[in-house]
Amino acid sequence: TKRVQYYLKMYQQLDKLKPTKVKRLVQQGIPKQVRWMFWLKLSGASLLQKSHPNLFQELLCQSTDDAE
């Protein structure tokens, strides 16, 4: 839809947008198709994924080892 396309365009510019613009986008409701992308970026999770690429898998293995 046009709305999803608009939000994809805004996502590409997310680092350059003013905080008030980002706040308005969130308040208007990010479409569910692209919400995960915004969530990763705005929460800082994407930076964590880049700095610790195998962390999830390591924690998962550790968790299954603890369960045994």
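This passage walks through how helix H1 sits in the structure, and then visits two buried residues, proline 31 and serine 46. The model is a predicted one.

A good place to begin is the pairing of two helices. Helix H1 spans residues 2–12 and helix H3 spans residues 32–43; their axes come within 10 Å and cross at roughly 15°. Angles under 35 degrees count as roughly parallel, and H1 and H3 are therefore roughly parallel to each other. The crossing in which H1 passes H3 is left-handed. On the H1 side, the residues that meet H3 are Val4, Tyr7, Leu8 and Tyr11. Their partners in H3 are Gln33, Val34, Met37, Phe38 and Lys41. Sorted by class, this contact of H1 with H3 is made up of seven nonpolar residues, one polar residue and one charged residue.

Looking around H1 itself, the reader will find two contrasting faces. Val4, Tyr7, Met10 and Tyr11 are buried. Because these four cover an arc of only 120° around the axis, they fall on the same side of H1. Lys2, Gln5, Lys9 and Gln12, in contrast, are exposed on the other side of the helix. The buried residues of H1 pack against two helices, H2 (19–28) and H3. Val4, Tyr7 and Tyr11 thus appear twice in this picture, being buried in H1 and also meeting residues of H3.

The loop between H2 and H3 adds a further neighbour to H1. Proline 31 has its place in this loop. Its relative accessible area is 6%, and since buried means under 20%, proline 31 counts as buried. Setting aside neighbours within four places in sequence, proline 31 is in contact with Arg3, Val4 and Tyr7. Two of these contacts, Val4 and Tyr7, are among the buried residues of H1. Leucine 8, which takes part in the meeting of H1 with H3, lies 23 residues from proline 31 in sequence, and the C-alpha atoms of the two are 9.8 Å apart in space.

The last stop is helix H4, which covers residues 45–51 and holds serine 46. With a relative accessible area of 17%, serine 46 falls below the 20% cut-off and is therefore buried. When neighbours within four places in sequence are left aside, serine 46 is in contact with Leu40 and Lys41. Lys41 offers a link back to the start of this account, as one of the H3 residues that meet H1.

Methods
Residues are numbered from 1 along each chain as its sequence is written. This is a predicted model: local features need pLDDT of at least 70, side-chain atom pairs count only at pLDDT 80 or more; totals for chains, interfaces and linings use all residues. Side-chain values use heavy atoms; hydrogens and water are left out. Axes are lines fitted to C-alpha atoms, for helices over the stretch in contact, and angles run from 0 to 180 degrees between N-to-C directions. Angles under 35 degrees count as roughly parallel, over 145 as roughly antiparallel, 65 to 115 as roughly perpendicular and the rest as oblique. A crossing is left-handed if the near helix is turned anticlockwise from the far one by less than a right angle, and right-handed if clockwise. Contact means heavy atoms within 4.5 Å. Ala, Val, Leu, Ile, Met, Phe, Trp, Tyr, Cys and Pro count as nonpolar, Asp, Glu, Lys and Arg as charged, and the others, Gly among them, as polar. Buried means under 20% relative accessible area, exposed over 50%, partly exposed in between (1.4 Å probe, protein chains only). The arc is that of the directions from the helix axis to the C-beta atoms.
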